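Subject: Structure handover

Hello,

Here is the structure for you to look at. Please open it alongside this email, as the notes below refer to residues by name and number.

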Amino acid sequence: MVETSFYIATGITVFLSLLLLMEVIFMQTSREIQRLHGAVSGSRPDQRQLGQREIFEERLSKFVTSIRSTFGFLASDKLRQRLAMAGLRDPAIPDLFFLAQCLMPLAGAFGGSFVPHNTIFWTCTLAIVGYMTPDVWLTEKVRHRKQRIVRSMPDTIDLLVICVDAGLGLDQALLRVGEEIILSHPDIHEELSRVHLEQSAGRPRLETWQNLAQRTQIPELAAFVSMLTQADRFGIPIIKALSRFADDIRLKRRQKVEEAAAK
């Protein structure tokens, strides 16, 4: 009886510790809010106070980085690209993701050890499931973000047509549209802001657009970039091209809905 209570208490402790770790890894939005709040509220940048959560994340990231550098487990470019496609661009995210991939199999194996029948089978199975869980979570996060960007494209293009028709240049129109959709469509706002930052850093316009298509890997957005590139090279009226492209996107989306309904 005592041993059973000890195992139950240990399991609960490990489970709560993993929940805390997952909260640190997957809830990254509040960190940016805290940084913005500190930058605005502080009178001087060097007097901004870091929160306990930021300090804990930085120390944890440094610890994992030291372990990875010691054993040679470096983050691959493919993983960084997938994290960027999911909207996770914090430098500490790859280290925390690696930590989750290490701890989840251990948690699964620990939980499987409590199964009274076929203990070895359940230990191995839950360890494999624990290892695959972060990858499945990242895949779903990338898929949902792509869907949100695709759904936001018709409205974004309509606003872009209005801005260009009002006399703004294409770069200024993209910047203005990004500011207007920051609340309704934050994902595409983030991508347009990144395009503007790359152009401000001195990169050519066509290169920043191509980087946008390669970074997101969304067919509709790649077609949008291709349309902008052709319009820029051949002098096609941008308003007509944008209006036609917005109609095509709505038509394709309606066809997909009808196809899904028919199935």
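What follows covers enclosed cavities, one open pocket and one surface patch.

Please keep in mind that this is a predicted model.

Cavities

The count comes to 2 cavities of 30 Å³ or more. The largest cavity holds about 90 Å³ of space. Its lining is made up of Met153, Thr156, Ile157, Leu160, Leu174, Ile188, Glu191, Leu192, Leu212, Leu221 and Phe224. Helices α6, α8 (186–200) and α10 each give at least two residues to this lining, and the largest share, 4 residues, comes from α6. By class, the lining of the largest cavity has 9 nonpolar, 1 polar and 1 charged residues.

The second largest cavity has a volume of about 40 Å³. Leu174, Leu192, Trp209, Leu212, Phe224, Val225 and Leu228 line this space. Here α9 (205–216) and α10 each supply at least two lining residues, with α10 giving the most, 3 residues. The lining of the second largest cavity has 7 nonpolar residues, with no polar and no charged ones.

If you compare the two lists, Leu174, Leu192, Leu212 and Phe224 appear in the lining of the largest cavity and also in that of the second largest cavity.

Pocket

The second largest pocket has a volume of about 290 Å³. Three helices give two or more residues to its lining: α6 (119–165), α10 (219–234) and α11 (238–262). The largest share, 5 residues, comes from α11. The full lining consists of Lys146, Gln147, Val150, Arg151, Ile218, Pro219, Glu220, Ile249, Lys252, Arg253, Lys256 and Val257. These residues divide into 5 nonpolar, 1 polar and 6 charged.

Helices α6 and α10 therefore come up twice in these notes, as each gives two or more residues to the lining of the second largest pocket and at least two to that of the largest cavity.

Surface patch

On the surface, Ile128, Tyr131, Met132 and Val136 form a nonpolar patch. Together these four residues have about 400 Å² of accessible area. One of them, Val136, lies in helix α6. Is Val136 buried, partly exposed or exposed? Val136 counts as partly exposed because its relative accessibility is 43%, which falls between the 20% limit for buried and the 50% limit for exposed.

Regards

Notes
Residues are numbered from 1 along each chain as its sequence is written. This is a predicted model: local features need pLDDT of at least 70, side-chain atom pairs count only at pLDDT 80 or more; totals for chains, interfaces and linings use all residues. Side-chain values use heavy atoms; hydrogens and water are left out. On a 1 Å grid over the protein atoms alone, a cavity is a set of points where a 1.4 Å probe fits but cannot get out, and a pocket is an open set with protein on both sides within 12 Å along at least five of seven lines; lining residues have an atom within 4 Å of a point. Grid points are joined across faces, edges and corners, and a volume is the space filled by probe spheres set on the points. Ala, Val, Leu, Ile, Met, Phe, Trp, Tyr, Cys and Pro count as nonpolar, Asp, Glu, Lys and Arg as charged, and the others, Gly among them, as polar. Patches are made of residues with over 30% relative accessible area and no salt bridge: like charges are joined within 9 Å, nonpolar side chains (Val, Leu, Ile, Met, Phe, Trp, Tyr) within 5 Å. Accessible areas come from the Shrake-Rupley method with a 1.4 Å probe; for residues, only the protein chains shown count as cover. A salt bridge is a side-chain nitrogen of Lys or Arg within 4 Å of a carboxyl oxygen of Asp or Glu. Buried means under 20% relative accessible area, exposed over 50%, partly exposed in between (1.4 Å probe, protein chains only).
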